[in-house]
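Me: I'd like to go through this model with you and ask how each label is earned. Could we start with the empty space inside?

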Amino acid sequence: MTITVACISDDIEYATRMVGYMKSSPIYHSWRLQLFTSLAKFQPREAYGQLDLILVDEVMYDQFTMQFPQLIVPQDERVAMQGTYTQPIIVQLVSQPAQIREHHKLVKYQPLSTLLHMLYTIIEGQRYMASRPVIARTSDTIVVGVGSSIAQCGKTIFALHLTHAIASRNERVFYFNLELWNTSESWMSSENPTSSSFSYSDFLYAVKSDAEEAQSWFAKHRQYDQRLQCDRLKPFIHIEDRQQLSKEDAQLMLNIIRTSGHYDYIVLDLSANYDEWNLTLLAECDIHYMMMMASEEWIMKHQMSIQYARMKWKDLTTKIESNAIVILNESRQMRSINNIELHVHFKLPHIDQWEEQYASLLSSSIYRATVEHCAHKFLNKGSYAS
């Protein structure tokens with residue numbers, strides 16, 4: 001597959017560097033670069049249907065949007081899914097790092113490997129756009145569930161990275177961990193030693209003693225995590241509180257957070273099990289990320305678990321599967337599943353270093369970039385409901 005990129009910049013030095021980048025890259029033969037030193041030379045009427053990316057210098061970007069508004073207006077997702085029209089991705093070239101807003105932004109001068117990686121991930125994210133589920137927005141606060149049928153698939157590390165990816169776009173996020181065995185604190189306990197000691201056990205007590213006052217309790221005692229840039233509470237102090245937590249009380253806790261008006265998103269990290277308890281909570285979510293591990297044995301266990309859930313709780317599984325986004329966590333056993341057909345939306349990269357030592361939060365730029373695209377493509381505020 002050939003990827004065609006148009007670069008519009010009057011910076012001759014940068015245009016020369018782009019040519020050098022492409023010629024010295026391992027993907028030179030699969031990428032085609034077109035350079036334009038002025039907007040007057042860029043004529044999209046004949047070419048833009050064949051372009052995959054259009055890189056526009058920040059000094060020319062405003063003029064570009066006025067001259068070619070048809071390229072800026074987001075394409076209707078239903079048209080994209082039907083494959084009747086292919087609109088190129090517009091990327092603004094900027095001098096300084098910037099938060100992603102309505103359109104992609106890319107720092108002009110950066111190492112070759114980083115530049116090519118960013119361009120490639122932008123293309124990959126767009127490639128999955130057509131296959132993603134179109135989900136209606138049901139409330140002001142979007143609940144994002146992260147679940148799996150079998151343990152040890154990287155669910156919590158994905159949920160933590162997803163929380164950070166959303167929060168780093170200036171969205172208000174609460175990380176709500178309802179795992180049976182909460183391991184998230186091992187990544188965050190040393191980040192802020194002076195943080196509040198209030199936990200989900202205290203929150204549960206507030207809910208059960210006076211549900212009407214529980215929201216004010218929550219607003220007072222939630223804590224901000226500087227590393228994740230989100231709010232959270234510490235895990236249940238008494239494990240019996242989590243083990244005996246009914247799905248009704250869990251739903252009430254979720255509803256208190258959702259209706260508080262403090263958050264744009266709630267990332268709900270659930271236990272690795274598709275039983276009635278977890279399925280009931282997933283049914284409350286606007287989006288459900290289904291985590292899978294890329295090994296033959298894991299997938300066989302997953303398929304048996306899903307089949308049992310469909311037989312036992314058909315209505316619940318039907319509801320959550322309509323909002324499911326399948327994430328495959330790659331592993332060294334990938335080659336052993338070639339004969340198994342999998343329909344996935346995103347693949348998380350395998351990080352060799354994480355096998356040698358405990359995974360460090362936000363330590364892998366490749367992993368962060370992949371999760372960022374999961375968030376960017378599915379959680380785009382404003383255009384969320386297509």
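Reply: Happily! This is a predicted model, and its largest cavity has a volume of about 40 Å³. Of the 10 residues lining that cavity, Tyr175, Asn182, Ser184, Arg232 and Leu233 are the closest to its centre. Two elements, β7 (173-177) and α8 (185-188), each give two or more residues to this lining.

Me: What makes a residue part of the lining of a cavity?

Reply: A lining residue has an atom within 4 Å of a cavity point. For the largest cavity, 10 residues line the space. By class they divide into five nonpolar, three polar and two charged.

Me: How many cavities of 30 Å³ or more are there?

Reply: The count is two. The second largest cavity holds about 30 Å³ of space. Its lining consists of Tyr274, Leu279, Met290, Ile306, Ala309, Thr317, Ile320 and Glu321. Both α14 (296-312) and α15 (314-321) give two or more residues to that lining, and α15 has the largest share, with three.

Me: What classes do the residues lining the second largest cavity fall into?

Reply: Six are nonpolar, one is polar and one is charged. Tyr counts as nonpolar by the rule used, and Tyr274 is among the lining residues.

Me: Now the sheet. Why are β2 and β5 said to stand at the edges?

Reply: Five strands form an open sheet in the order β2-β1-β3-β4-β5, with parallel pairing. Strands β2 (31-36) and β5 (104-107) each have a single partner strand, so one side of each is left without a neighbour in the sheet. On average, neighbouring strands are turned by 25° against each other, direction ignored.

Me: How do you know that β4 and β5 pair?

Reply: Pairing needs at least two bridges, and four join β4 (residues 89-94) to β5, the two running parallel. Leu93 stands opposite Leu106 in β5, if you want a place to look.

Me: Which helices pack on this sheet, and what do they touch?

Reply: Helix α1 (residues 12-23) is one of them, touching β1 (3-8), β2, β3 (53-57) and β4. The direction of α1 makes about 170° with that of β2. Helix α3 (residues 58-67) also packs on the sheet, in contact with β1, β3 and β4, and its direction makes about 115° with that of β3.

Me: Last one: why is the pair of Phe198 and Trp217 called edge-to-face?

Reply: The structure holds 15 aromatic pairs, including this one. Ring centres must lie within 6.5 Å for a pair, and here they are 5.9 Å apart. Planes over 60 degrees apart count as edge-to-face; the angle between these planes is 85°, so the label fits. Phe198 sits in the loop between α8 and α9 (200-209), while Trp217 belongs to helix α10 (residues 211-221), and the two are 19 residues apart in the chain.

Conventions. Residues are numbered from 1 along each chain as its sequence is written. This is a predicted model: local features need pLDDT of at least 70, side-chain atom pairs count only at pLDDT 80 or more; totals for chains, interfaces and linings use all residues. Side-chain values use heavy atoms; hydrogens and water are left out. On a 1 Å grid over the protein atoms alone, a cavity is a set of points where a 1.4 Å probe fits but cannot get out, and a pocket is an open set with protein on both sides within 12 Å along at least five of seven lines; lining residues have an atom within 4 Å of a point. Grid points are joined across faces, edges and corners, and a volume is the space filled by probe spheres set on the points. Axes are lines fitted to C-alpha atoms, for helices over the stretch in contact, and angles run from 0 to 180 degrees between N-to-C directions. Contact means heavy atoms within 4.5 Å. Rings of Phe, Tyr and Trp (its six-membered ring) pair if their centres lie within 6.5 Å; planes under 30 degrees apart count as stacked, over 60 as edge-to-face and the rest as tilted.
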